[in-house]
Structures are given as C-alpha cells and as structure tokens.
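Dear colleague,

I am passing on the structure that follows, and beneath it I have set out what was found in it. Please keep it open while you read, so that you can look up each part as it is named.

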Amino acid sequence: MTTPRAPHATQATADGKTPAVIASGWMHTARFLTTAPQLQHLPNLELPEIAFVGRSNAGKSTCINTLTQQKQLAYASKKPGRTQHINLFSLGKQGVPDAVLADLPGYGYAAVPKQDKIRWQQVMANYLVTRQNLVGIVLLCDPRHGLTELDEILLDVIRPRVEAGLKFLVLLTKADKLTRAEAAKALSIARLQAGGGEVKLFSALKKQGVDEASQLLWQWAHPRGATSPMPTSPETPAIESKNDA
Ligand SMILES: Nc1nc2c(ncn2[C@@H]2O[C@H](COP(=O)(O)OP(=O)(O)O)[C@@H](O)[C@H]2O)c(=O)[nH]1
Ligand SMILES: [Mg+2]
C-alpha cells in the first residue's frame, strides 16, 4: 500500500524537488550571453526574455546577483548610471538555454549628461516597446523614494504591452531598511501606482522575496504550467556566446 502524500508534498515533482528549489537552481544557471549599446545590436532570440529595469541605485545589480546566487554576474556598479549597455544572460542547461535575462541601463542618475539621458530613454523605450521575445518586466524600486516620475514614464511606455499580456513585477528593494509599518505602506502605495501589477518586497541582505521572485520568473518563462523545466526542442538555435565560458 502506498503512503499518502503529505499535503506540502503535493507541489513537489517526481524527483522530490519543490518549485522553489527548481526555480532557484534554474536562476543559478545564468551566464553572460552578450552586451549591446543599442537595440539593433542585440541578437534576435526565440527564447522568452525577462527585462530588469529601474533607476540607478535602486538595487538592480544586487537583485540580479542575489536571484542568480552569483557575486559578480551583474556588476554592482560603483558609478551609478555608467552601465549604459543592455546585458543579456542566458538561463537553462548549457547548450539548451530556455530563457534570457536582460539587464537594462539604470536611469535617473543626476550626473549623467542630458544627451546621454535622452539616448538611453530612447534605447529603453525602443527595447520595451519592440523587443519581440520579451515576456516579462521586473521593475526595481527603492521604496524609500517610491516610484518616481521616470518610473511612471516607463509604466506608461509598457502599459499597452502589459494590457496585451506582458508580465510585470515591481520589486521594492532594500526592504531590510524599512520597519513593518513602512513596508506595509510602501506596498500599498506601489500597488496603487502599479495599476494591478504584482508588487513584492525584496531584500538582498535578508534574502527576502528571493524564492517568490525566482518562482514567478520561472513561471513567466515556462507558461505551459509545467512543474519542471520544459524539454527544449532540438531545433532551438545555439545562442551560447564565445564569452560564455
Ligand atoms: N541594505 C540593503 N542595501 C542594498 C540592497 N540591495 C542593494 N543595496 C545597496 O544599494 C546600492 C545600489 O545597489 P546596486 O545593486 O548597485 O544598484 P543599481 O544601480 O540599481 O544596480 C548598493 O550600495 C547596494 O549595496 C538590499 O537588499 N539591502
Ligand atoms: Mg547596477
């Protein structure tokens, strides 16, 4: 006679892995794919792509490094605003990637020359509006500043795509710096501003929100509702770059 499954085990896959373990292992496979100063220099990919956006200093690099459990994947820049390229990272087993993370330039850094600011806004808007394989956007926001005017502009830019099904998550970073009351307030304000999109607290320091965010991203990239990563078809183009050691 078989032993009844414990209620918590109903989420585990045949090999006993929970969704959190699967998602975290998947995030850990992230490796550098390529970098591009402009949209037209990015490779056209068939893989689902998830973009990370946010103001300079919002905690984007730290968040990507935390989610992927890698210290240096997204360079945590000492000079905010200087990372002006779009950096792509591939996810999934070596040789059979199943998704891509895109790290977009941070915006809103005061010391950046005006023409650079305008150039980036164009790069960003272009990317967010036209990138074909984009399936989701993670907007990083420091809750002590809230969603700023530039974040609102970004929300406006992506709204039509979100309405058409693009996934969207706001991560309120550095949550360890907030009291419970401040965190609750920041959440409710951001939920109003995000117009129904998902909003979660995140702390790299306390590893808060890491499992939830990883699982959400995994689901975005694997929309068929599989409980383990989809088998990749043999036709999937090899996109590993030479830099991908
Ligand atoms: N306390 C705390 N500080 C953080 C956290 N995430 C990022 N930071 C700090 O915020 C600053 C900006 O982070 P960074 O990842 O470089 O931001 P980016 O410009 O958006 O890539 C750095 O000094 C980080 O150490 C966090 O979860 N908790
Ligand atoms: Mg950064």
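**What was found**

Let me begin inside the sheet, where Phe-52 has Asp-103 of strand E4 as its bridge partner. Please bear in mind throughout that this is a predicted model.

The strands that meet around E4 are a good place to continue. E2 and E4 run parallel and are joined by 4 bridges, whereas E3 and strand E4 (residues 96-103) pair in the antiparallel sense, over 7 bridges. Within the E3 and E4 pairing, Phe-89 stands opposite Leu-101 in E4, and Lys-93 has Val-96 in E4 as its bridge partner. E3 and E4 form a hairpin with 2 residues between them, and in the turn Gly-95 has a positive phi of about 85 degrees. As for its surroundings, E4 is mostly covered, since 7 of its 8 residues are buried. As general background, strands of a sheet pair through backbone hydrogen bonds, and they do so either parallel or antiparallel.

How many strands form the open sheet, and in what order do they stand? There are 7 strands, in the order E1-E3-E4-E2-E5-E6-E7, and their pairing is mixed. Strand E1 (31-36) and strand E7 (198-201) stand at the edges with a single partner strand each, so one side of each is left without a neighbour in the sheet. On average, and with direction ignored, neighbouring strands of this sheet are turned by 25 degrees against each other.

Turning to the helices, you will find that helix H4 (residues 149-163) lies across strand E2 (49-54), strand E5 (134-141) and strand E6 (167-172), and that H4 runs at about 160 degrees to E5.

Helix H1 (residues 19-28) has Ile-22, Ala-23, Trp-26 and Met-27 as its buried residues. Seen down the axis of H1, these buried residues fall within an arc of 130 degrees, and they therefore line one face of the helix. What do the buried residues of H1 pack against? Their partners are helix H2 (60-67), strand E3 (86-93) and helix H6 (210-221).

Helix H3 (residues 114-130) contains Ala-125, and you may ask whether this residue counts as buried or exposed. Ala-125 is partly exposed, because 16 other C-beta atoms lie within 10 Å, while a buried residue would need 20 or more and an exposed one would have 12 or fewer. The C-alpha atom of Ala-125 is separated by 9.9 Å from that of Leu-39, although the two residues are 86 residues apart along the chain.

There is also a ligand to look at. Ligand 1 is surrounded by 19 residues, of which the closest are Gly-59, Lys-60, Ser-61, Thr-62 and Ala-204. H2 gives the most to this shell, with 3 residues. Sorted by class, the shell around ligand 1 has 10 polar, 5 nonpolar and 4 charged residues.

Finally, here is the protein chain as a whole. The chain has 6 helices and 7 strands, and from the N terminus on its elements run α-β-β-α-β-β-α-β-α-β-α-β-α. Of the 245 residues in the protein chain, 37% are buried. Among contacts between residues at least 6 apart in sequence, 74% join residues that are at least 24 apart.

With best wishes

Note on methods. Residues numbered from 1 in each chain as written. Chains lettered and ligands numbered in written order. Predicted model: local features only at pLDDT ≥ 70, side-chain atom pairs only at ≥ 80, totals over all residues. Arc of directions from axis to C-beta. Contact = placed C-beta atoms within 7 Å. Near = placed C-beta within 6 Å. Nonpolar A, V, L, I, M, F, W, Y, C, P; charged D, E, K, R; others polar. Pairing = 2+ DSSP bridges. Axes fitted to C-alpha atoms, helices over the stretch in contact; angles between N-to-C directions.
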